[in-house]
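I'm opening my notebook on this one. I'll begin with a single pair of residues and work outward from there.

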Amino acid sequence: MALLREPLLAAARSPKLRTVAEKSRLTRPVVDRFVAGATEPDALRVTDELIGNGLYVTLDFLGEATTSLEQAGSTVRAYESVLVELAKAGSAERAEVSVKLSAIGQSLPGNGEKIALDGARRICEAAAAAGTTVTVDMEDHTTTDSTLGIVRELRADFPWVGAVLQAYLKRTEADCREFATAGSRIRLCKGAYAEPESVAFQGEAVEDSYRRCLGVLLAGEGYPMVASHDPAMIAAARSLAVRNSRTSDSFEFQMLFGIRPDEQRAIAAAGHRMRVYVPYGDEWYGYFMRRLAERPANLTFFLRSLTSK
Ligand code: FDA
């Protein structure tokens, strides 16, 4: 099954396959296992349910690798709108948003970084008005420097902006040291893209790196967000939290919508903060294909949906 990871991640980048899959109505029921729905009301309904179950939420308006200024602007507006609705619903204390910079123009030729920074600032202003936070997702390694640069700029005005660091990158332990400072929100994940050995650990070395990064973050002054479904990583975080005398409000666990939901509730019931990453919208293809690559067993359900009437 591990052999399927690379082709699935390559398929995740194919615009042709994306168009076919996103247009097929048959795929939607399978996709909905991992995605809250196509619309903002879907996202708000799922947010309500999760909060009702004692969980926290981060909402992701699906989209990535935006190719037009217009599309980047409409993604920013979607975030502004959902933040207003979260505040109206009284959910902003428990629900924030996650943003991919490539969805708001980072890879546009010319001044893409500036466009993404301006868009991210608008989202941060909307989050501040709603009384919540923003976390910046991390994409493939060619974007890490640019993304962390934008995060540093945003933090000058909005110190609560969070960033994702990926344990599979060899640079990440050093990045954890830089970001383990007071007030700094860091979401540590293993990493979901196909990365070369020159920059990324492979296989079990990723887990060793995750443990080292956890050690740095939990011993530091910041607010670590432990994003993993792996019981070994969760156990490591729990024991490091005890060793570093962390209180339950000084770090949190995070998982993706639809993955290990019983465990999500169990961790919350044990007195920890557990935040669920909830994607919504039509542009589910790249996100969904990365979930398939993590667990090719999911592929069977997806293929069945494509072939069934
Ligand atoms: P691992 O993949 O080893 O999974 C452990 C166990 O979890 C599996 O054995 C299985 O039981 C279950 N599981 C995991 N994935 C599953 C799936 N797709 N379907 C069903 N079961 C599954 N990555 C990135 O590069 N940039 C980012 O910004 C983010 N953001 C992010 C936010 C949050 C909140 C989370 C939880 C994850 C991310 N990721 C991410 C994804 C992350 O890098 C990683 O690919 C996945 O979390 C899978 O890694 P695990 O640590 O869960 O371990």
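**Entry 1: a pair across two strands.** I looked up L165 and found that its bridge partner is L188, in strand 5. I'm keeping in mind that this model is predicted. L165 belongs to strand 4, and strands 4 and 5 run parallel, joined by four bridges. I then followed the chain between them: strand 4, helix 8 (residues 172–179) and strand 5 make up a β-α-β unit, and it's right-handed.

**Entry 2: the other neighbour.** Next I checked strand 3 (residues 134–136), which pairs with strand 4 in the parallel sense over two bridges. Here T135 stands opposite G162 of strand 4. The chain gets from strand 3 to strand 4 by way of helix 7 (residues 144–157), in another β-α-β crossover that is right-handed.

**Entry 3: how covered is strand 4?** I wanted to know whether its residues are buried or exposed. Five of the five are buried, so strand 4 is largely enclosed by the rest of the structure. I checked both faces: G162, V164 and Q166 are buried on one side, and A163 and L165 on the other.

**Entry 4: the ligand.** Which residues come nearest to it? Out of 25 around the ligand, they are D137, C189, A192, S228 and H229. Strands 4 and 5 turn up again here: along with strand 7 (252–256) and helix 12 (285–294), each gives at least two residues to the shell. Strand 7 gives the most, with three. Sorting the shell by type, I noted 11 nonpolar residues, six polar and eight charged.

Note on methods:
Residues numbered from 1 in each chain as written. Predicted model: local features only at pLDDT ≥ 70, side-chain atom pairs only at ≥ 80, totals over all residues. Near = placed C-beta within 6 Å. Nonpolar A, V, L, I, M, F, W, Y, C, P; charged D, E, K, R; others polar. Buried ≥ 20, exposed ≤ 12 C-beta atoms within 10 Å, placed from the backbone. Pairing = 2+ DSSP bridges. Right-handed = clockwise from strand over helix to strand, strands pointing away.
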